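Me: I am new to this structure and would like a close look at a single part of it. Please put that part in the setting of the whole chain as well.

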Amino acid sequence: MQCFAHRGSVAVGLCKSCGKGVCSDCVNDTGVGLACRDDECGERVLLLDRIVANNARVMRTANSQTRSSGLLLLLMGLVLLGLGCWGYLSDSWLLMIMFGACGALFLLFGLLRLVVERYPSPER
Ligand SMILES: [Zn+2]
Ligand SMILES: [Zn+2]
């Protein structure tokens, strides 16, 4: 591959922003990727890196929030099931069915939260 600016010079890499080949004379190593001599490209490569890092952080936070709300739902489900048992013990079918059904729903949604709703892990 040839440098986009210097025909005849071998390109050492591609500008991460515009995708043009850059030789060792005109490469601009931003530290997070190669850019060409174009200032705009250098800034864009740095910006892209910041955006990716920000997204990764947001996804991590979202995952831990999903996890804690899932655990909360499970906990509430267990409490409601406990109340259902209490309804059963005090011979109240209405309380038992009401609390039992709500508890089962909470448990179900809690489990769904923990198992299904997952953002892709940025670490992979
Ligand atoms: Zn460029
Ligand atoms: Zn060049």
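In which segment does F4 lie?

Reply: This is a predicted model, and what follows was computed from it. F4 lies in the segment before β1, the strand that covers residues 11-14.

The surroundings of F4 can be described through its neighbours. Within 10 Å there are 19 other C-beta atoms. A residue needs 20 or more to be buried, and 12 or fewer to be exposed, so F4 is partly exposed. Leaving aside neighbours within four places in sequence, the residues in contact with F4 are K20, G21 and V22. One of these, G21, is 17 residues away from F4 along the chain, yet the C-alpha atoms of the two are separated by 5.2 Å.

Now the setting. The chain has two helices and four strands. Their order along the sequence is β-β-β-β-α-α, and F4 comes in the segment before β1.

The two helices are α1, made of residues 39-89, and α2, made of residues 93-115. They pack with their axes 7 Å apart, at an angle of about 160°. Angles over 145 degrees count as roughly antiparallel, and α1 and α2 are therefore roughly antiparallel to each other. The crossing of α1 past α2 is left-handed. Sorted by class, the residues in this contact are 15 nonpolar, nine polar and two charged.

Between α1 and α2 there is a loop, and D91 has its place there. D91 has 8 C-beta neighbours inside 10 Å and therefore counts as exposed, whereas F4 is partly exposed. The backbone at D91 also deserves a remark. Most residues other than glycine have a negative phi. In D91, a residue other than glycine, phi is positive, near 60°.

Last, the chain as a whole. Its C-alpha atoms fill a box of roughly 90 × 20 × 15 Å along the principal axes. The radius of gyration is 28 Å, while a compact globule of 124 residues would have one near 14 Å. Of the 124 residues, 17% count as buried. Among the contacts in the chain with a separation of 6 or more, 28% join residues 24 or more positions apart.

To return to the part you asked about: F4 is in the segment before β1, is partly exposed, and is in contact with K20, G21 and V22 beyond its neighbours within four places in sequence.

Methods: Residues numbered from 1 in each chain as written. Chains lettered and ligands numbered in written order. Predicted model: local features only at pLDDT ≥ 70, side-chain atom pairs only at ≥ 80, totals over all residues. Axes fitted to C-alpha atoms, helices over the stretch in contact; angles between N-to-C directions. Parallel < 35°, antiparallel > 145°, perpendicular 65-115°, else oblique. Left-handed = near helix turned anticlockwise from the far one by under 90°. Nonpolar A, V, L, I, M, F, W, Y, C, P; charged D, E, K, R; others polar. Rg over C-alpha atoms; globule rule 2.2 N^0.38 Å. Contact = placed C-beta atoms within 7 Å.
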